[in-house]
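Here is a walk through one protein chain, from a single side chain out to the whole fold and back again. Keep the structure open and follow along.

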Amino acid sequence: MTASILISEVGLRDGLQNISETMATADKKTWIAAQYAAGCREMEVGSFVPARLLPQLADTAEITRYAATLPGLCVAVLAPNLRGLRDAVENGAHKVTLPFSMSETHSLRNLNRTHAQVLEEIGACVSYLATLPKARRSMFEVSLSTAFGCTLEGPVAEARVLAFAEQLVGLGVDEVSLSDTTGYGNPAQLKRLVTGIWERCGPEKLTGVHLHNTRGQGLANALMAIELGITTLDSSLGGIGGCPFAPGASGNIVTEDLVFLLESMGLRTGIDLAALLAVREQVKAALPGVELFGFTAAAGLPLGYQAA
Ligand code: ZN
């Protein structure tokens with residue numbers, strides 16, 4: 001276990017893309033500034049997809065440029081293809097994640113692409129990045145989405161996930177990440193996948209996981225991940241976005257609860273929990289009608305709570 005963990009806030013992307021309301025650009029900037037001030041040092045701020053597909057994230061370019069003005073903040077974005085990656089780089093994103101569904105059925109349904117076509121696109125992304133001067137190169141991560149199971153195909157063979165991880169690292173991606181897109185995962189499975197990828201690719205090629213809380217297993221999986229030595233965890237403020245399949249369940253892990261878990265265990269996140277709870281109130285006011293999740297906000301900080 002490492003003494004400090006990087007929390008990557010994904011509420012502005014994974015959260016906002018899963019609600020019907022569109023948050024005003026000014027409110028997104030206020031959110032980013034406030035959570036940065038609370039100590040958050042990585043945020044996934046949007047997705048470079050056509051605005052007609054995700055109108056909630058249509059201002060991703062502007063938001064990316066704004067976030068990049070905050071010193072020391074790693075500005076992460078999603079890009080489904082080379083075109084999105086180029087836009088991300090041009091707008092100053094530090095980290096770009098391309099989702100690659102381990103389920104081919106899911107890949108066809110979501111990106112209209114076979115595995116072979118996605119791999120070809122990833123190869124083109126790596127080639128494009130290689131043409132850039134180092135200072136302008138974004139860190140390029142491919143997320144192994146639906147790695148823990150798929151709502152269309154059911155179980156996803158672990159051997160397939162490990163083989164793709166190895167192939168992607170061979171293609172030259174900087175890192176792969178494991179994504180429990182569907183909230184099917186359990187800690188034993190996470191352990192097998194993480195250690196399997198580390199054995200094949202080296203621990204430096206997988207440092208982060210993206211977990212969902214669809215069946216309430218998000219924090220259990222997160223705890224396993226950090227005990228193994230994973231150093232970056234994705235989570236969403238207020239669990240925004242919820243889960244369409246499981247009413248009452250947050251989509252991603254709730255950032256406030258994750259900070260509480262880690263800090264009370266003595267693991268530093270750099271995030272001031274009281275300040276984070278105040279950010280939650282701001283976001284709540286900016287999104288009236290959107291349900292926020294989380295136990296720590298509901299119960300309050302325990303008497304005598306001490307950060308790590
Ligand atoms: Zn997600």
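Start at arginine 280. Setting aside neighbours within four places in sequence, arginine 280 is in contact with Leu237, Gly238, Glu256, Leu292, Phe293, Gly294 and Ala297. The model is a predicted one. Arginine 280 sits in helix H11, which runs over residues 273-286. Is this arginine buried or exposed? Its relative accessibility is 7%, and the cut-off for buried is under 20%, so arginine 280 counts as buried. One of its contacts, leucine 292, is 12 residues away in sequence. The two C-alpha atoms are 8.6 Å apart in space.

Now step back to the whole chain. The protein chain holds 12 helices and 8 strands. Its radius of gyration is 18 Å, close to the 19 Å that the globule rule gives for 308 residues, so the chain is as compact as a globular protein of that length. Along its principal axes, the C-alpha trace spans about 55 × 40 × 35 Å. Of the 308 residues, 54% count as buried. Among contacts with a separation of 6 or more, 73% join residues 24 or more positions apart.

The outside comes next. The chain exposes about 12500 Å², and carbon and sulfur atoms supply 54% of that area. There are 23 positive and 30 negative charges. The mean positions of the two sets lie 4 Å apart.

Next, look at helix H3, residues 60-67. Which of its residues are buried? They are Thr60, Ile63, Thr64 and Ala67. These residues cover an arc of only 100° around the axis, which puts them on the same side of H3. The general geometry helps here. An α-helix has 3.6 residues a turn, so residues three or four places apart point the same way. What does the buried set of H3 pack against? Its partners are helix H2 (25-37), strand S2 (42-47) and strand S3 (74-78).

Move toward the start of the chain. Aspartate 14 belongs to helix H1. With a relative accessible area of 6%, aspartate 14 is buried. Beyond its neighbours within four places in sequence, aspartate 14 is in contact with His210, His212 and Asn252. The C-alpha atoms of aspartate 14 and valine 45 are separated by 9.0 Å, although the two residues are 31 apart along the chain.

Glutamate 21 follows, in the loop between helix H1 (11-15) and H2. Its relative accessible area is 29%, which leaves glutamate 21 partly exposed. What does glutamate 21 touch, residues up to four places away in sequence not counted? The answer is Gln56, Leu287, Pro288, Gly289 and Val290. Take valine 290 from that list. Glutamate 21 and valine 290 are 269 residues apart in sequence, yet 8.1 Å apart in space, C-alpha to C-alpha.

Helix H6 covers residues 115-130 and includes tyrosine 128. Tyrosine 128 is buried, with a relative accessible area of 9%. Residues up to four places away in sequence aside, tyrosine 128 touches Leu82, Leu85, Arg86 and Val89. Its C-alpha atom is separated by 9.1 Å from that of leucine 85, 43 residues away along the chain.

Two loop residues deserve a look at their backbone. Most residues other than glycine have a negative phi. Asparagine 112 is not a glycine, but has a positive phi of about 60°. Threonine 146 is not a glycine either, and its phi is positive, about 50°. Where do they sit, and how are they covered? Asparagine 112 lies in the loop between helix H5 (104-111) and H6. Its relative accessible area is 63%, and asparagine 112 is exposed. Threonine 146 is in the loop between strand S5 (139-145) and helix H7 (158-171). Its relative accessible area is 0%, and threonine 146 is buried.

Threonine 146 leads to the last stop, serine 179. This serine lies in strand S6, residues 175-179. At 5% relative accessibility, serine 179 counts as buried. Again leaving out residues up to four places away in sequence, serine 179 touches Ser143, Leu144, Ser145, Thr146, Ala147, Phe148 and His210. His210 has come up before: aspartate 14 of helix H1 is in contact with His210 too.

Methods. Residues are numbered from 1 along each chain as its sequence is written. This is a predicted model: local features need pLDDT of at least 70, side-chain atom pairs count only at pLDDT 80 or more; totals for chains, interfaces and linings use all residues. Side-chain values use heavy atoms; hydrogens and water are left out. Helices (H or I, at least four residues) and strands (E, at least two) are DSSP runs, numbered from the N terminus. The radius of gyration is taken over C-alpha atoms; the globule rule is 2.2 Å times the number of residues to the power 0.38. Buried means under 20% relative accessible area, exposed over 50%, partly exposed in between (1.4 Å probe, protein chains only). Contact means heavy atoms within 4.5 Å. Accessible areas come from the Shrake-Rupley method with a 1.4 Å probe; for residues, only the protein chains shown count as cover. Lys and Arg count as positive and Asp and Glu as negative; His and the chain ends are not counted. The place of a charge is taken as NZ of Lys, CZ of Arg, CG of Asp or CD of Glu. The arc is that of the directions from the helix axis to the C-beta atoms.
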